[in-house]
Amino acid sequence: MKRRDFIRLSVGFAGVATLPPISAALAQSKAVFKASDVQPPGYPTVAATENLGKKLAAATSGRLSIQMYPSAQLGGEKETIEQTQIGAIQMLRVSAGALGPIVDDVNVVNMPFLFKSIEHSEKMMDGPIGQDLLDRVSANASANLVALCWMNSGARSIYNTKKPIRTVEDVKGLKIRVIGNPIFIDMMNALGGNGVAMGYDQVFSALQTGVIDGAENNLPSYVFSNHYTAAKYYSLTQHLVIPEVLAFSKRAWANLSTDDQTLIKKFAREAQMEERELWKVYEREATEKARAAGSEIVEIADKAPFQKAVKPVWDKYGPKHQELIKRIQDIA
């Protein structure tokens, strides 16, 4: 080897030796985080996450930012959870219903008729129980997720293409789509219907083609995913109040500095409260739009028979969550 080549090589190795560790280098590098949501542009969870990204970009002078992919562009909830776990997606808004099969503790909020009202669920999200559940998601080794905050998704009710549902008996025999979680399949079967697990991105075409008779979801999802154009009858069973979770890939999280992690958590907490206000407006607009289009929104005066019908679900899943259930029910 020529002397000048040896010198050049030695200088190269010296440069490598003085480089910072990979994680530290990544922490200081420019990054655009992919964020996924199955809901359309303008939806409260989408808008709140986009605003989080704007704040993050402003606070880091553009070093960190978020690119939003709404309308299931990156896949349904199951697929995007898997992509977030391996770090292909960095940020994900996902229903606690879809997260329950991965982190069983989360299933406590998936119990039918657990919450007395939307306000009751908000107190859970904002208080120590809500933080406890987020921490359990983050601590779950197999989940590979960091749970940042909760987001509202209102109360879920049943809608279908066949008839208005006014009593439990009216549910009998209807094929109703539910999130792919055993609790929800058992719940719909207990109500007398046939629970069909299906990705959210498949529901509209399934309603149109008759693969399913109906589904269950909140009013904004019913309207702004166009399900109301296929299923005319929306009955206010309000059997579930399932919060949403904004999560970050644990693999990507590990490459952030502590300061950046703190910043993201701060803006996520602000997004939790912002999304709540956006939700109230969006829900009101959805109700008005559904009625104007001729949807029949059915009030249910007595929900007691529905609550009684799901007792087998409580008998099956309640005991393992007894401590958390009591804490939630005791919230004043």
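## Strand 5 and strand 8

Tyr159 has Ala215 of strand 8 standing opposite. This pairing belongs to a predicted model. Strand 5 covers residues 156-160 and strand 8 covers residues 214-217. The two strands run antiparallel and are joined by 4 bridges.

## The sheet

Strand 5 and strand 8 are neighbours in an open sheet of 6 strands, whose order is 7-6-8-5-9-11. Pairing within this sheet is mixed. At its edges lie strand 7 (194-197) and strand 11 (296-298), each of which pairs on one side only. On average, neighbouring strands of the sheet are turned by 30° against each other, direction ignored.

## Helix 8 across the sheet

Helix 8, formed by residues 182-190, lies across strand 5, strand 6 (175-178), strand 7, strand 8 and strand 9 (233-240). Relative to strand 7, helix 8 runs at about 155°.

## Helix 6 and helix 12

Packing is also found between helix 6 (residues 118-126) and helix 12 (residues 258-292). Their axes are 12 Å apart and make an angle of about 170°. Angles over 145 degrees count as roughly antiparallel, so helix 6 is roughly antiparallel to helix 12.

Helix 6 contributes Glu122, Met125 and Asp126 to the contact, while helix 12 contributes Arg269, Gln272, Met273 and Arg276. By class, the residues of this contact comprise 4 charged, 2 nonpolar and 1 polar.

How values were computed. Residues numbered from 1 in each chain as written. Predicted model: local features only at pLDDT ≥ 70, side-chain atom pairs only at ≥ 80, totals over all residues. Heavy atoms only, no water. Pairing = 2+ DSSP bridges. Axes fitted to C-alpha atoms, helices over the stretch in contact; angles between N-to-C directions. Contact = heavy atoms within 4.5 Å. Parallel < 35°, antiparallel > 145°, perpendicular 65-115°, else oblique. Nonpolar A, V, L, I, M, F, W, Y, C, P; charged D, E, K, R; others polar.
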